[in-house]
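Visitor: I am new to this structure. Could you show it to me and take a few questions?

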Amino acid sequence: MNAAIARLCQLAQQPSRRIVGLMSGTSLDGLDVALCRLTGHGAATQLALEQFATVPYTDDVRRHIRQVFAREQVSLEYLTLLNPWLGRLHADMVLGCLRTWQVSPADVDLVASHGQTVYHAPAHQHQQPDFTGLNATLQLGDGDHVAQGTGIITVSDFRQKHLAAGGEGAPLATYGDYLLLSSPAEARLLLNLGGIANFTYLPRAGADASAAFSTDTGPGNTLLDATIRAHRPELQYDEDGRLALAGRVHPGLLGVLLDHPFFAAALPKTTGPELFGPAYLAAAQAQSGTAALGLEDLLATLVELSAAGVARSVRQVFGPGGPLPAVYTSGGGAHNPALLGALRRHLPGATFASTDALGVPPDAKEAILFAVLANEAVAGQPVALGAGRQRVPAVTMGKISWPG
Ligand SMILES: Nc1ncnc2c1ncn2[C@@H]1O[C@H](COP(=O)(O)OP(=O)(O)OP(=O)(O)O)[C@@H](O)[C@H]1O
Ligand SMILES: CC(=O)N[C@H]1[C@@H]2OC[C@@H](O2)[C@@H](O)[C@@H]1O[C@H](C)C(=O)O
């Protein structure tokens with residue numbers, strides 16, 4: 001038997017596994033690295049987060065990714081080169097973190113590597129006549145390169161199985177959120193404010209699990225970041241929402257932005273910067289006669305758009321005035337007071353707390369989720385949530401690469 005397969009069998013039978021979860025999201029701010037100890041699997045999974053860091057990307061790394069990121073037309077050679085290059089880069093970043101944390105790679109059981117999404121093409125978004133109904137998504141940063149570079153067995157490319165089983169390849173948060181954060185005490189809404197905003201609805205543990213699902217709601221920070229970069233190239237984002245808080249929402253522009261059919265589409269749904277990018281904003285500005293709107297008012301309007309997108313999806317689930325479950329926020333947007341303020345206005349009566357209150361640091365949550373998926377891939381079973389109306393595929397996800 002291949003020694004790596006024997007090692008995998010042994011790992012599957014251990015009471016716990018030490019897993020490095022990796023996530024590089026749509027904001028291109030860096031690689032999130034979460035060193036997790038996961039005990040058990042399935043509904044019995046227990047998390048101990050040992051270490052977490054976001055390794056920032058340099059301007060050069062961002063520039064390389066942006067050559068292909070969310071673009072319909074790219075150099076195929078560049079795309080091909082980026083796949084191993086990102087795998088190797090992520091491996092080096094993992095090794096750097098382990099060195100800082102004084103953890104030997106030999107003491108890590110698995111790496112769970114999401115890679116970098118460069119294009120997300122759910123059927124409702126691409127509308128290519130030759131591929132009607134086909135959902136697709138592409139992540140770069142090949143798992144063999146991560147395994148070879150770190151010397152650690154690597155689980156990667158999680159989204160393809162979800163697609164193959166009839167999903168849109170996202171959001172995968174449903175599974176990890178369900179396994180780690182379901183509570184017998186309360187129903188929960190786990191709201192992640194990343195480049196794209198999404199939430200997971202978790203009914204009370206013990207209630208009908210098939211009601212659990214995740215959906216994207218529209219832009220989170222992606223349009224805010226793109227807009228600030230266009231006006232103030234020296235800045236990556238609107239720190240603490242200062243510029244947005246100094247601006248005023250333009251109702252005409254907001255109305256045109258919200259007119260996009262994505263916001264009225266049934267749940268669950270996924271999207272990306274392919275749709276919510278500069279072209280969408282420029283078209284809405286042209287249509288509303290706001291091409292010359294100042295940066296502060298633009299940002300205030302885009303914050304309102306993100307909050308309104310979340311609120312519309314939430315109301316699709318709970319009705320216009322229905323009571324809401326407890327809301328727990330994560331992702332970079334959870335640090336933005338302008339966005340949180342707008343969300344409170346749009347969802348009056350909801351209680352908001354950070355996922356910190358649940359023992360999950362908000363910036364680490366997505367990287368932890370991929371560690372949970374890798375744990376299930378090796379030691380678990382398909383998570384059967386799916387009989388509900390939201391059709392969450394019952395699959396384990398990820399492809400396994402070993403060094404050597
Ligand atoms: N202090 C802050 N004030 C305002 N915005 C912030 C702050 N900190 C982070 N952000 C926002 O959060 C973004 C990063 O968020 P995050 O890392 O959750 O995104 P991501 O994981 O790349 O996205 P996704 O979940 O869509 O893949 C930044 O680009 C910025 O817009
Ligand atoms: C295709 C893709 O990479 N989607 C990301 C993105 O970032 C947020 C949102 O859009 C979510 O759908 C997803 O990531 C999280 C981790 C998920 O799959 O749950």
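Visitor: Which residue has a backbone N or O atom 2.7 Å from an oxygen atom of ligand 2?
Guide: Keep in mind that this is a predicted model. Among the residues closest to ligand 2 are Thr117, Leu172 and Ala173. Thr117 approaches an oxygen atom of ligand 2 with an N or O atom of its side chain, at 2.6 Å. The backbone atom 2.7 Å from a ligand 2 oxygen belongs to Leu172.

Visitor: How far is an oxygen atom of ligand 2 from a polar backbone atom of Ala173?
Guide: Ala173 is listed among the closest residues to ligand 2. A polar contact needs N or O atoms within 3.5 Å. The Ala173 backbone atom and the ligand 2 oxygen are separated by 2.8 Å.

Visitor: What share of the accessible area of ligand 2 does the protein cover?
Guide: On its own, ligand 2 has 430 Å² of accessible area. 13 residues surround ligand 2. The share covered by the protein is 97%.

Visitor: Where does ligand 2 lie with respect to domain 1 and domain 2?
Guide: Strand 4, strand 8 and helix 14 each supply at least two residues of the shell around ligand 2. Domain 1 (3-173 + 365-382 + 397-401) gives residues to this shell, and domain 2 (180-358) does too. Because both contribute, ligand 2 lies between them.

Visitor: Now ligand 1. Which residue has a side-chain N or O atom 2.5 Å from an oxygen atom of ligand 1?
Guide: The closest residues to ligand 1 include Thr26, Asp225 and Asp240. Thr26 has a polar side-chain atom 2.7 Å from a ligand 1 oxygen. The side-chain atom at 2.5 Å belongs to Asp225.

Visitor: How much of ligand 1 does the protein bury?
Guide: Gly195 places a backbone N or O atom 2.8 Å from an oxygen atom of ligand 1. Taken alone, ligand 1 exposes 650 Å². The buried part of that area is 89%.

Visitor: How many residues of the shell around ligand 1 are charged?
Guide: The shell around ligand 1 takes at least three residues from each of domain 1 and domain 2. By class, 3 of the shell residues are nonpolar and 12 are polar. The charged ones number 6.

Visitor: Is Ser156 buried or exposed?
Guide: Ser156 sits in strand 6. Its contacts, beyond neighbours within four places in sequence, are Ser113, Gly143, Gly398 and Lys399. Its relative accessibility is 6%. The cut-off is under 20%, so Ser156 counts as buried.

Notes:
Residues are numbered from 1 along each chain as its sequence is written. Chains are lettered from A and ligands numbered from 1 in the order in which they are written. This is a predicted model: local features need pLDDT of at least 70, side-chain atom pairs count only at pLDDT 80 or more; totals for chains, interfaces and linings use all residues. Side-chain values use heavy atoms; hydrogens and water are left out. Helices (H or I, at least four residues) and strands (E, at least two) are DSSP runs, numbered from the N terminus. Buried means under 20% relative accessible area, exposed over 50%, partly exposed in between (1.4 Å probe, protein chains only). Contact means heavy atoms within 4.5 Å. A residue is near a molecule or strand if one of its heavy atoms lies within 4 Å of it. A polar contact is a pair of N or O atoms within 3.5 Å; within protein, one must be able to donate a hydrogen and the other to accept it, and residues adjacent in sequence count only if both atoms are side-chain atoms. Accessible areas come from the Shrake-Rupley method with a 1.4 Å probe; for residues, only the protein chains shown count as cover. Ala, Val, Leu, Ile, Met, Phe, Trp, Tyr, Cys and Pro count as nonpolar, Asp, Glu, Lys and Arg as charged, and the others, Gly among them, as polar. Domain bounds come from an automatic or database domain assignment.
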